[in-house]
Amino acid sequence: MEQRHLGRTGLRVTRLGLGTLNWARDTDEQEAADQLKAFWEAGGSLVDTADIYADGGAEYLLGRLTEELVPREDLVIATKAGSVLEADRRVDGSRRHLLAALDSSLERLGTDYVDLWQLHAFDPHTPLEETLQALDLAVTSGRARYVGLAHFSGWQLARAGTWQLAAPGVRNRLASAQMEYSLLQRGIEREVLPAALDLGIGLLPSSPLGRGVLTGKYRHGTPADSRGASEHLAAFVAPYLDETASRVVEAVTTAADGLAVTPLQVALSWVRDRPGVTAPILGARTAQQLRAALSVETLSLPDEIRQALDDVSAPVHHYPDHDWSTL
């Protein structure tokens, strides 16, 4: 599998990553083992998890599998911290919480360090400087090799990235920004993507298949074994089952038919090769789904098809994103 540098750093990762959101919940240990083995055998290295996935179960399972199945040194393990499942608080970016969460993640993962440690979300109640100091402490203590952010808005990312660059040798450059990005969700192109490109931060798109909708499986209804029919994930899929999304899915399907490939391959190839993208994160539920996604490695979309998909999925951006004099 082809590798890319993660942002403007020396860290190289494969241009597809394996996500573990479903592990220890919808994906059992045997299925997770099959996924990790298939990913590793395909040359994949980047594996993404978080401390809240299955209440820590995903990290624990990944730790067991790296001990028994895949050599730790062959993987680039990324985890996240900051999200909390409390009634009155969803994010805790305090130095106290973050460093304690990292220690717990390392224990579950059975490793002394993670290759990439990311803030899961922006905490408006904690000074950003305090939050970012936790990232620097993680690197200087050897517990994380690189650091990044997830689900930050454009101004938040720009502020954090600029702050880190303001003291070279003292603060650590942000390597990554993990954001939802697909043909059905291009919102980051408004401000996040330009900021990331300017600051040299690599994008790790989550839900690159539009929460599964871009595979075409929902064109004629909701399959009984799909996320859309799942009690805890139906609301996650629902926003992408509207008429606007349907037009995009039909365009993807038409392109796939013309290229004699699958809609999944078309949609994944499109986001993988967008400017600023390092590696989409594949959140497959089964090893069979993962292998289908990994088959995209040999596909590059023709320019005319890429442009057609750009046009049909283009978000509406007005002032101040475009030159004010043209509006």
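**Close-up views of a predicted model**

**View 1. Strands β4 and β5, side by side.** Strand β4 (residues 46–48) and strand β5 (residues 76–81) run parallel and are joined by three bridges. One pairing to look for here is Asp-48, whose bridge partner in β5 is Ala-78. Keep in mind that this is a predicted model, here and in every other view. As a reminder, strands of a sheet pair through backbone hydrogen bonds, in either a parallel or an antiparallel way.

**View 2. The whole sheet that β4 and β5 belong to.** Reading across, the strand order is β11-β10-β9-β8-β5-β4-β3-β12, which makes an open sheet of eight strands with parallel pairing. At the edges you'll find β11 (202–206) and β12 (281–282); each has a single partner strand, so one side of each lacks a neighbour in the sheet.

**View 3. Helices lying on the sheet.** Helix α1 (residues 29–41) lies across β3 (17–19) and β4, and runs at about 175° to β3. Helix α3 also packs on the sheet, where it touches β5 and β8 (114–119). The direction of α3 makes about 140° with that of β8.

**View 4. Helix α1 meets helix α2.** Here α1 packs with helix α2 (residues 57–68) at an angle of about 60°, and their axes are 10 Å apart. Angles from 35 to 65 degrees fall in the oblique class, so α1 and α2 count as oblique to each other. The crossing of the two is right-handed. On the α1 side, the contact is made by Glu-29, Ala-32, Ala-33 and Leu-36, and α2 brings in Leu-61, Leu-62, Arg-64 and Leu-65. Sorted by class, this contact of α1 with α2 has six nonpolar residues, two charged ones and no polar ones.

**View 5. Helix α3 alongside helix α4.** Now for the other face of the story of α3: its packing with a helix. Helix α3 (residues 95–109) and helix α4 (residues 128–140) have axes 9 Å apart and pack at about 30°. Angles under 35 degrees count as roughly parallel, and α3 and α4 are therefore roughly parallel to each other. Their crossing is right-handed. From α3, the residues making the contact are Arg-95, Leu-98, Leu-99 and Leu-102; from α4, they are Glu-130, Thr-131, Gln-133, Ala-134, Leu-137 and Ala-138. That gives the contact of α3 with α4 six nonpolar, two polar and two charged residues.

**View 6. Helix α5 and helix α6.** The axes of helix α5 (residues 154–165) and helix α6 (residues 192–199) come within 8 Å and cross at roughly 15°, so α5 and α6 are roughly parallel to each other. This crossing is left-handed. Gly-154, Leu-157, Ala-158, Gly-161, Thr-162 and Leu-165 of α5 make the contact with Val-192, Ala-195, Ala-196 and Leu-199 of α6. What classes do the residues of the contact of α5 with α6 divide into? Seven are nonpolar, three are polar and none is charged.

**View 7. Zooming back out to the chain.** In total, the secondary structure of the chain comes to eleven helices and twelve strands. The radius of gyration is 19 Å, close to the 20 Å that the globule rule gives for 327 residues, so the chain is as compact as a globular protein of that length. Along the principal axes, the C-alpha atoms fill a box of roughly 55 × 50 × 40 Å.

Terms used
Residues are numbered from 1 along each chain as its sequence is written. This is a predicted model: local features need pLDDT of at least 70, side-chain atom pairs count only at pLDDT 80 or more; totals for chains, interfaces and linings use all residues. Side-chain values use heavy atoms; hydrogens and water are left out. Axes are lines fitted to C-alpha atoms, for helices over the stretch in contact, and angles run from 0 to 180 degrees between N-to-C directions. Helices (H or I, at least four residues) and strands (E, at least two) are DSSP runs, numbered from the N terminus. Angles under 35 degrees count as roughly parallel, over 145 as roughly antiparallel, 65 to 115 as roughly perpendicular and the rest as oblique. A crossing is left-handed if the near helix is turned anticlockwise from the far one by less than a right angle, and right-handed if clockwise. Contact means heavy atoms within 4.5 Å. Ala, Val, Leu, Ile, Met, Phe, Trp, Tyr, Cys and Pro count as nonpolar, Asp, Glu, Lys and Arg as charged, and the others, Gly among them, as polar. Two strands pair if DSSP finds at least two bridges between them. The radius of gyration is taken over C-alpha atoms; the globule rule is 2.2 Å times the number of residues to the power 0.38.
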